[in-house]
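Visitor: Please take me through the interior of this protein. I would like a close look at how the inside is filled.

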Amino acid sequence: MNDKNGFLSLFKKEKPILAMLHLKGENDADIEERMKREIDLYVENGVDCIIVENYFGEYHNMEKALDYIQRLHLDIPYGVNCLNVDPMGFYLAEKYQAAFVQLDSVVGHVKPRDEDTLDAFFKLYRSRYSGKVLGGVRFKYQPVLSENSVEDDLKIAMTRCDAICVTQDATGQETSLEKICQFRDAIGDFPLIVGAGITPENMAKQFVYADGAIVGSYFKDTYQDDGEVSGEHVRAVIEAVERIRR
């Protein structure tokens, strides 16, 4: 793949594993303590990137986490996904020098009459932000209001982001090989990231077509989003991707 200056150039290795920081905790102090512990586990076990997301925590918890990560001066990139309020994701990424913004949907989740407004939004915010954008299409939990085919919406998405993220219907659910291949056929060699459900067991077949993966639930001790990050599970994923890289 020719991605010399694109999304994949952010990472030191092929088939990067992007670790999700869910910001779980009983209160702000617990969220902060847990966040620091999870970052240590991710870095020690060799993930290629960390994404800060307000999956459990709130906006101010994201700011605290991004400020902490920025001051760590890690040798891996980090991104941000501010759920449901995309402008604030761009704001946080710029403020804390995140390498990219993740957006759960970049096309098809608004009524057709609003697509022109959405296009203007992307042109405006991308002109203000120098980093990359990882954008979902037909993403888990997102409404599908488009009247276009998936293939047509993917073509539009390629003008709004630097890599496309594909999932099935729910957090932790395996993304079907059929859907991954459908996306790959439509976008050619444009970067494609699996956003949910990758495991050491299905990674090899999915990485024939995909260029990397976001991992969150699998890293937990229960393999569920509300579990505790397990160093053993992180190592299992990294060992599997290292075998593929070799």
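Guide: Start with empty space. This is a predicted model, and a search of the whole structure finds 1 cavity of 30 Å³ or more. The volume of that largest cavity is about 30 Å³. Its lining includes Ser 105, Val 107, Gly 108 and His 109. Arg 138, Phe 139, Gln 142, Pro 143 and Val 144 line it too. By class, that lining has 4 nonpolar, 4 polar and 1 charged residues.

Now the packed regions. The largest nonpolar core has 63 residues. Ile 17, Leu 21, Tyr 42, Val 47, Ile 164 and Phe 219 have the most contacts inside it. Look at Tyr 42. Beyond its neighbours within four places in sequence, Tyr 42 is in contact with Ala 19, Met 20, Leu 21, Val 47, Ile 50, Phe 219, Val 229 and Val 234. Another core, of 15 residues, lies apart from the largest one. Among its members are Phe 7, Met 20, Phe 100 and Phe 139. Phe 139 also lines the cavity.

Next, the rings. The count comes to 10 aromatic pairs. One of them joins Tyr 42 and Phe 219, tilted, at 5.5 Å centre to centre with 50° between the planes. That pair links distant parts of the chain, 177 residues apart. Tyr 42 sits in helix 1 (residues 28–44). Phe 219 sits in the loop between strand 8 (212–215) and helix 8 (231–245). Both residues are buried.

Phe 121 and Phe 122 make an edge-to-face pair, 5.2 Å centre to centre and 70° between the planes. Phe 121 and Phe 122 are buried as well. Together with Phe 90, Tyr 125 and Tyr 129, they form one aromatic cluster.

Conventions. Residues are numbered from 1 along each chain as its sequence is written. This is a predicted model: local features need pLDDT of at least 70, side-chain atom pairs count only at pLDDT 80 or more; totals for chains, interfaces and linings use all residues. Side-chain values use heavy atoms; hydrogens and water are left out. On a 1 Å grid over the protein atoms alone, a cavity is a set of points where a 1.4 Å probe fits but cannot get out, and a pocket is an open set with protein on both sides within 12 Å along at least five of seven lines; lining residues have an atom within 4 Å of a point. Grid points are joined across faces, edges and corners, and a volume is the space filled by probe spheres set on the points. Ala, Val, Leu, Ile, Met, Phe, Trp, Tyr, Cys and Pro count as nonpolar, Asp, Glu, Lys and Arg as charged, and the others, Gly among them, as polar. A nonpolar core is a set of buried Ala, Val, Leu, Ile, Met, Phe, Trp, Tyr and Cys residues joined through side-chain atoms within 4.5 Å. Buried means under 20% relative accessible area, exposed over 50%, partly exposed in between (1.4 Å probe, protein chains only). Contact means heavy atoms within 4.5 Å. Rings of Phe, Tyr and Trp (its six-membered ring) pair if their centres lie within 6.5 Å; planes under 30 degrees apart count as stacked, over 60 as edge-to-face and the rest as tilted. Helices (H or I, at least four residues) and strands (E, at least two) are DSSP runs, numbered from the N terminus.
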